[in-house]
Amino acid sequence: MRDVVAEAARRRTFAVISHPDAGKSTMTEALALHASAITQAGAVHGKGERRGVTSDWMEMERARGISITSAALRFEYRDHVFNLVDTPGHADFSEDTYRVLAAVDCAVMLIDAAKGMEPQTLKLFEVCRHRRIPVITFVNKWDRPGREALELLDEVEERTGLRPTPVTWPLGVAGDFHGVVERPGGRIVRYTRTPGGATRALETELSPGQAAAELGADWTRADEERALLDAIGADHDQKRFESHESTPVLFGAALTNFGVARLLDLMVELAPRPQARLDVRERPRPLAAPMSGLVFKVQANMDPAHRDRIAFVRVCSGRFERGMVLTHAATGRPFATKYAQTVFGQERATVDEAYPGDVVGLVNAGALRPGDTLYEGPAVEFPPIPSFAPEHFAVARVRDSGKSKRFRRGIEQLDAEGVVQVLRSPARGDQAPVLAAVGPMQFEVVRHRLAAEFGAEISLDRLDYSVARVTDAASAERLAGQRGAEVLTRGYDGALLALFADRWRMRFIQREISGLVLRPLIADTTAEPADGG
């Protein structure tokens, strides 16, 4: 198994996280371009001859210029294998992003040069903090007017608690971007945009004398600010970075491909390689152990022509070989891996083998759910991926009763994928399930996919609930009949969720009925330290 450990050392598995419109999908394409995985980078809003991004494939994504689904791209760069796991860029899909982050070893946090640390960026950063995922910061859109570089560093430190350690420093203020100077070493690189910005930017190395002559005040300012950073000791420390105490910082512009190659180089140099993963008993599964993997995402109908279902699996140990038979930990049943692929948007390639850190798409994975474990040899099960706390609720009903069977099949499919949480009760019946979502756009995705993929148009009636808590059977009986409260069963795991109109109604009921079991779910914005859970 020495080959497995050596191959794992070549892997870099990461995600790009950001607030919507910070340039995440454009950055994904730019990284793929620099690794020669694609020949021309796209933009979310393709204009002129510049095409739209490959990774955003759903019609809603193209129409809105956002990422809803996630893609997994595998490519080689400098004798390393990169697994870039794209994530949903909209706040309403935070739960899907959380699942993706369960599969990576590092995150690139994209910051808009003009807007700085935005709410969704902070929320995703907190997930990285919770999972102890090291973070590299890329200040994007430096080719457009924005804020002062030092001001942005101060904000990163103040809002995240991480000490910024710039690896590159911009030549020119935001909106007048000439290139970067390296820290340490002092290498000066000037960027030249190619036509349309769709191919790699040209890089020219300058001497300090050339920089002074050609850039004048911009070089003087950058040199003085770099000296200030040296004086305060804002230098990279690998141990502090891996301990989630500091963040290396780069400046660039994904749209023009400025600074993107340096980000890939930094990933090779600094990003953590795959390590032994802890199982449910907190015992490490060695990299050289027989093959094991964690299902972190399930997506159906990515290819409308085939109507298939793909489970994205992070290989945690051993060597994966296409065709091998694994064991599904949740059921103990065998799972054949005849069809294994990498998937990036609607582009696919067959995977014959994979190693720890790699992401493999298993086709026709009808039995798999996010959080499941697959393994070979000695049994292992990795910790499940917890669900987010829903804050929006709606009753779904099919408009044409003759399509009830399609409706039920579609709801079951979307529930299995984790698109929404599906809640039921005997009183409401199977024809009127309650959909529970982190954000209201999830309802739009459900409506769109049920109509497009299953031919079942639905109506959605919003419910006046905003708080959900996990409860037990005894508490459910005591909550029956309470105004502004209802207990429903979650479809995929049978958990009982108590829904309340708001936090104040929940607290009133808690005072009236003592001893209720009400436990908050993860990422619950309504939970407080004094919560009865």
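The questions and answers below walk through a predicted model.

Biologist: How are residues numbered, and what pLDDT do local features need?

Modeller: Residues are numbered from 1 along each chain as its sequence is written, and side-chain values use heavy atoms, with hydrogens and water left out. In this predicted model, side-chain atom pairs count only at pLDDT 80 or more, totals for chains, interfaces and linings use all residues, and local features need pLDDT of at least 70.

Biologist: Which strands stand at the edges of the open sheet of four strands?

Modeller: Helices (H or I, at least four residues) and strands (E, at least two) are DSSP runs, numbered from the N terminus. Two strands pair if DSSP finds at least two bridges between them. The order here is S7-S8-S9-S10, with antiparallel pairing. One side of each edge strand has no neighbour in the sheet, because each has a single partner strand: these are S7 (168-171) and S10 (202-206).

Biologist: What does the twist average from one strand to the next in this sheet?

Modeller: Axes are lines fitted to C-alpha atoms, for helices over the stretch in contact, and angles run from 0 to 180 degrees between N-to-C directions. From one strand to the next, the twist averages 30°.

Biologist: Which residue of S10 stands opposite valine 189?

Modeller: Strand S9 covers residues 188-192 and pairs with S10 in the antiparallel sense over five bridges. Opposite valine 189 in S10 is glutamate 205.

Biologist: Which helix packs on the sheet, touching S7, S9 and S10?

Modeller: Contact means heavy atoms within 4.5 Å. The helix covers residues 208-215, and its direction makes about 110° with that of S10. This is helix H7.

Biologist: Which residues does glutamate 225 touch, not counting residues up to four places away in sequence?

Modeller: Glutamate 225 is found in helix H8, residues 217-231. Buried means under 20% relative accessible area, exposed over 50%, partly exposed in between (1.4 Å probe, protein chains only). At 14% relative accessible area, glutamate 225 is therefore buried. With that sequence limit, glutamate 225 touches Leu150 and Trp169.

Biologist: Which backbone nitrogen does the side chain of serine 475 reach, and at what distance?

Modeller: Serine 475 lies in helix H13, residues 473-479. Its relative accessibility is 2%, so serine 475 counts as buried. Leaving aside neighbours within four places in sequence, serine 475 is in contact with Gly515, Leu516 and Val517. The side chain reaches the backbone nitrogen of valine 517 at 3.0 Å.

Biologist: Is arginine 449 buried or exposed?

Modeller: Arginine 449 is placed in helix H12, residues 441-454. Its relative accessible area is 2%, so arginine 449 is buried.

Biologist: Which element gives the most residues to the largest nonpolar core?

Modeller: A nonpolar core is a set of buried Ala, Val, Leu, Ile, Met, Phe, Trp, Tyr and Cys residues joined through side-chain atoms within 4.5 Å. The largest core has 37 residues; among those that touch the most other members are Ile17, Leu101 and Phe296. Elements giving two or more residues include helix H4 (94-101), helix H5 (119-131) and strand S14 (292-300). The most, five residues, come from H5.

Biologist: How many residues are in the second, separate core?

Modeller: This core includes Val16, Phe75, Tyr77 and Phe138. Its count is 29 residues.

Biologist: Which residues of strand S26 are buried on one side, and which on the other?

Modeller: In a regular strand the side chains alternate between the two faces of the sheet. Strand S24 (residues 392-398) pairs with S26 in the antiparallel sense over four bridges, and three bridges join strand S25 (residues 421-424) to S26, also antiparallel. Both faces of S26 (residues 434-437) are covered: one side has Val434 and Ala436, the other Leu435 and Ala437.

Biologist: Which two residues does a cis peptide bond join?

Modeller: Most residues other than glycine have a negative phi, and most peptide bonds are trans. Here omega is about -10°. The proline lies in the loop between strand S8 (179-182) and S9. The cis bond joins arginine 183 and proline 184.

Biologist: What is phi of histidine 244?

Modeller: Histidine 244 sits in the loop between helix H9 (238-242) and strand S11 (246-251). At 6% relative accessibility, histidine 244 counts as buried. Phi is positive in this residue other than glycine, near 65°.

Definitions and conventions: A polar contact is a pair of N or O atoms within 3.5 Å; within protein, one must be able to donate a hydrogen and the other to accept it, and residues adjacent in sequence count only if both atoms are side-chain atoms.
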